[in-house]
Amino acid sequence: MRRILSLLMENEPGALSRVVGLFAQRGYNIDSLNVAETEDVTLSRLTLTTHGDDRKIEQITKQLNKLVDVVKVVDLTEGAHIERDLMLVKVRASGSQREEIKRTTDIFRGQVIDVGATLYTIQLLGTRDKLDAFLKAVGEAQIIEVVRTGVSGIARGEKVLSL
Amino acid sequence: MELLSGGEMVARALEDEGVEFIFGYPGGAVLHIYDALHKNCHIPHILVRHEQAATHAADGYTRSTGRTGVVLVTSGPGATNAITGIATAYMDSIPMVVLSGQVQSHLIGEDAFQETDMVGISRPIVKHSFMVKCAEDIPVMIKKAFHIAASGRPGPVVIDIPKDITRPDEKFEYKYPDSVKLRSYSPSTRGHTGQIKKAVRALVAAKRPVIYAGGGVIQGGGSELLTELARKLNYPVTNTLMGLGCFPATDERFIGMLGMHGFYEANMAMHESDVILGIGVRFDDRVTNTLNKFCPDATIIHVDIDPTSISKTIAADIPIVGPVDSVLTDMLNQVDSLREKEEVEPDAAAIERWWQRINEWRANHGLWNEPQYSQDSEQIKPQQVIETLYQVTKGEAYVTSDVGQHQMFAAQYYRFDEPRRWINSGGLGTMGFGFPAAMGVKLAHPDRDVVCITGEGSIQMNIQEMSTCTQYDIPVVIINMNNGYLGMVKQWQDMQYEGRHSQSTYQDSLPDFVKLAEAYGHVGMRVDTLQELEPALRKALSMKDKLVFMDIYVDPAEHVYPMQIAPNGSMADMWLSKTERT
């Protein structure tokens, strides 16, 4: 099962390599990963998606907690949460396709953020599924380049991940 | 406040931490530190002949005392040579602080002379690591390193120090902190009361219980409490390779080591048990054999300080995260309270039947019941060497070992009644560990007999340390069980590769170990026959101020038994001899 793990860790050099190294060392999968500073400059927040059965996820969570640089770990998928992935995609857009691509982008509530003679660069925000659906709708043949940030997530409601 | 350079701070902080020995080797990147050590530091420094030996010596010191060992090495090759010893300590949860030099800060990343990414290379085998960015951080970082290394589940910590940070001409205010706090690090200090109650109820209700105790009991200072619990309940105790000595081997409740080369009675009792109290153990693959065949009827209680050890391989029915000493204290109180308040106590009749069964196993195949090896041979059997050593030292020696058949024979036949007497590389299985580890033990216990049981394969991996022993007068006894083969490799080749001994012998290239020992200024003794064995051991152990290298020729045909049958075997599936199996 797919999980979104969210970590607060010390904003120090080497902290990220410990997390990533742990996954490599113990044969766990990382499907996506992003990391950036938080409102507290001493902390960075890392969100990663992984998959595995309950036992594996429990072991991953425990191993992450064991890292001295990791301050807190939550599994966002255990409760109601919001997830977002940002995608920038260059697609072929010439002739009649130009209009079609623009329409599809509108349907997905994306934006064309750069325009070339034969291509559009589109920005799209949403869940992983939505971004996948957009790519499918546009069609593989049209896609030139895709870049995604990986999932960021936050719990719904009052729940907060902080110190 | 006092002003010190970075190098002086390192030396002073180690003194303020109460460090007793530094095991190390100088080099370019740590010259400022070595100069500070030379000028005004009172900690004895042991100059080894290879950095791997520094880590093993620090490790041996730690295993025998419980105090954190300290290693100081230079950058590049100094650091990488230390890696095997750091990994050894990591796998066995041994607290260690390793200070490694690094090239100057401005050269990092430029492939400078003797540069290596020590923090990166050591990352998977340390509990934590630090890179010092400015000299002012040194005292706090060293304090943190010792705190992290020794608390919770212990482990090695690396501090990488660029040379410019230690330069003598820049001085800073020095104050060594009394304590440190890390917001992201707080090991458990108590087990969950509800879980402990539940565990004790299950334990007391057991009809076929086994206490399976490991290295964590020794490290957590729980040996006496565990012994009290087992005696109070009259339950059998088995130890892991790492746990030997945490329960007295001469207590009749001790059913021997368990696992791949564990005792028949221990493995059988585990397999047929209905409740297992696993404490300070990690259900590792050298114990469990095939996971889905592991102890089919047992309710598993698992106590460990490290949550990741619990349910990693075998799912625990009653997990308890906490330090073994506090959990055992709570368990003992709970056993008393159940008896007093509810009149609940172990079913004496069921436990008696269980002991009868265990004693039958013991009578049939127990290693200590009667010799499980042929005694009509002309050649010395390796088991006889250990049994004789046990008698000659009255079971009171500190025994280190290397890795292989001799290690297993030592674990099987030397009976350890006290914790911290048996010192071996259990997790990583590091050949070359035993001799330098024995140096560390002897330095910590100069008045005790320290014996390194090794083989002609392992000893040659760190034999250069004979020179260190000459320099610092470290009189350990080396028992080289020489069978002319990498014995455990040969055993597997005999059993699984139709006797094809691929690269497991040395083609008559072995040195004359007696002459070699003498060349370093030590005493060498060669022992070929059983008649010579005991007198020779007595003589060696009577030479208290000499390193004695005993080259004992043992039967190369001997295999270690019992041996669990893998793959697909359960704990109860064992070879008992070359021809007999369960």
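This is a short tour of a predicted model, moving from chain A to the interface and then into chain B.

**Chain A**

Select chain A and colour by secondary structure. The chain holds four helices and nine strands, and along the sequence they come in the pattern β-α-β-β-α-β-β-α-β-β-α-β-β. Its C-alpha trace spans about 55 × 35 × 30 Å along the principal axes. Of the 163 residues in chain A, 28% count as buried. Taking the contacts in chain A between residues at least 6 apart in sequence, 72% join residues at least 24 apart.

**The interface**

Next, show both chains and select the residues where they touch. On the chain B side there are 14 residues, in contact with 16 residues of chain A. The chain B side is made up of seven nonpolar, four polar and three charged residues.

**The six-stranded sheet of chain B**

Hide chain A and select the strands β9 to β14 of chain B. They form an open sheet in the order β11-β10-β9-β12-β13-β14, with parallel pairing. At the edges are β11 (254–257) and β14 of chain B, each of which pairs on one side only. From one strand to the next, the twist averages 15°.

For a single pairing, zoom in on β9 (residues 209–213) and β10 (residues 237–239) of chain B, which are parallel and joined over three bridges. Pick B:Y212, and its bridge partner in β10(B) is B:T238.

Now add helix α10 (residues 264–272) of chain B. This helix lies across β9, β10, β11 and β12 of chain B, and runs at about 105° to β11(B).

**Helix α12 of chain B**

Finally, select residues 324–342 of chain B. This is helix α12, with 19 residues. From first C-alpha to last it reaches 26 Å, close to the 27 Å expected at 1.5 Å a residue.

Show side chains for B:V324, B:V327, B:L328, B:D330, B:M331 and B:V335, the buried residues of α12(B). They lie on the same side of α12(B) because they cover an arc of only 160° around the axis. To see what covers these buried residues, display elements of chain B including α7 (193–204), α8 (215–219), α9 (223–233), β12 (275–279), β13 (299–304) and β14 (318–321).

Rotate to the face of α12(B) turned away from the buried side: here are the exposed residues B:N333, B:E340 and B:K341. The last stop is B:E343, just after α12(B), where phi is positive at about 55°.

How values were computed: Residues numbered from 1 in each chain as written. Chains lettered and ligands numbered in written order. Predicted model: local features only at pLDDT ≥ 70, side-chain atom pairs only at ≥ 80, totals over all residues. Contact = placed C-beta atoms within 7 Å. Nonpolar A, V, L, I, M, F, W, Y, C, P; charged D, E, K, R; others polar. Helix = DSSP H or I, 4+ residues; strand = E, 2+ residues; numbered from the N terminus. Expected span 1.5 Å × (residues − 1). Buried ≥ 20, exposed ≤ 12 C-beta atoms within 10 Å, placed from the backbone. Arc of directions from axis to C-beta. Pairing = 2+ DSSP bridges. Axes fitted to C-alpha atoms, helices over the stretch in contact; angles between N-to-C directions.
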